[in-house]
Amino acid sequence: MTHYVDVVALGWVEGNLREAVEVAKTCLLNYQVRPGESQHLLDARNSIHSATGALRLCALEPAALLSDEIEQVLDLLGNGSISGDARKLAMTELAAALEAIPAYLANVRAKREVTPGSVAKIVNDLRQFGGRPALPEEMFADISEAEERMIQEDDLLDALRQTLQQLMSVISFLSNRNQQICSSNTELVESIVPSLQQVSLQ
């Protein structure tokens, strides 16, 4: 299923997104020169974190997943969980991931639709550094379909609630009606009993 993007909304934030990516790239370059200064990693993470929120506001979930993973790897580098040759590889993968975000935005703007593109592979490459399992490609391809299924399920729940309300109204009506019938029968019996008593006395 195709999920079309609001290019107007994207236009409002695209400049800030690209700027956030450039800031993160600069921070990574500074960290490569001075790997002992972890503040560069923190600055890069903060910049990408702001981009993640903007991407989700524009409903660009594949790119938001990518920026999420970039944040995760930056955290792992910052706390020393990645070191040695793995650190060099992580830096290379991060550089590629940062380049992928503006490329993805350009692709979305050109096609005016959200597609997984090459994001899935890059996301899963980054997930390897945390020892996390790869995400299935269907998760990227069927994001809009999943959203539609959620909407359909919400519509079904609303319909069930309305049906339940109608059923409760019918039950309430029948209950009141039964009470009225019982009340009428009671009045009828009360009016007949004296006559029957008189007949029995005679």
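**Exercise 1.** How many residues does helix α3 have, and what distance does it reach from its first C-alpha to its last?

*Solution.* The model is a predicted one, in which local features need pLDDT of at least 70 and side-chain atom pairs count only at pLDDT 80 or more, while totals for chains, interfaces and linings use all residues. Residues are numbered from 1 along each chain as its sequence is written, and side-chain values use heavy atoms, with hydrogens and water left out. Helix α3, a DSSP run of H or I with at least four residues, covers residues 61-78 and has 18 residues. From its first C-alpha to its last α3 reaches 25 Å, close to the 26 Å expected at 1.5 Å a residue, where the expected span is 1.5 Å times one less than the number of residues.

**Exercise 2.** Decide whether Glu69 in helix α3 is buried or exposed.

*Solution.* Buried means under 20% relative accessible area, exposed over 50%, and partly exposed in between, with a 1.4 Å probe and protein chains only. Glu69 has 6% relative accessibility and therefore counts as buried. Beyond its neighbours within four places in sequence, Glu69 is in contact with Val123, Leu126, Arg127 and Arg132, contact meaning heavy atoms within 4.5 Å. As 13 of the 18 residues of α3 are buried, the helix is largely enclosed by the rest of the structure.

**Exercise 3.** Which residues of α4 meet which residues of α5?

*Solution.* Glu93, Leu94, Ala97, Ala100 and Tyr104 in α4 meet Val119, Ile122, Asp125 and Leu126 in α5.

Terms used:
Helix = DSSP H or I, 4+ residues; strand = E, 2+ residues; numbered from the N terminus.
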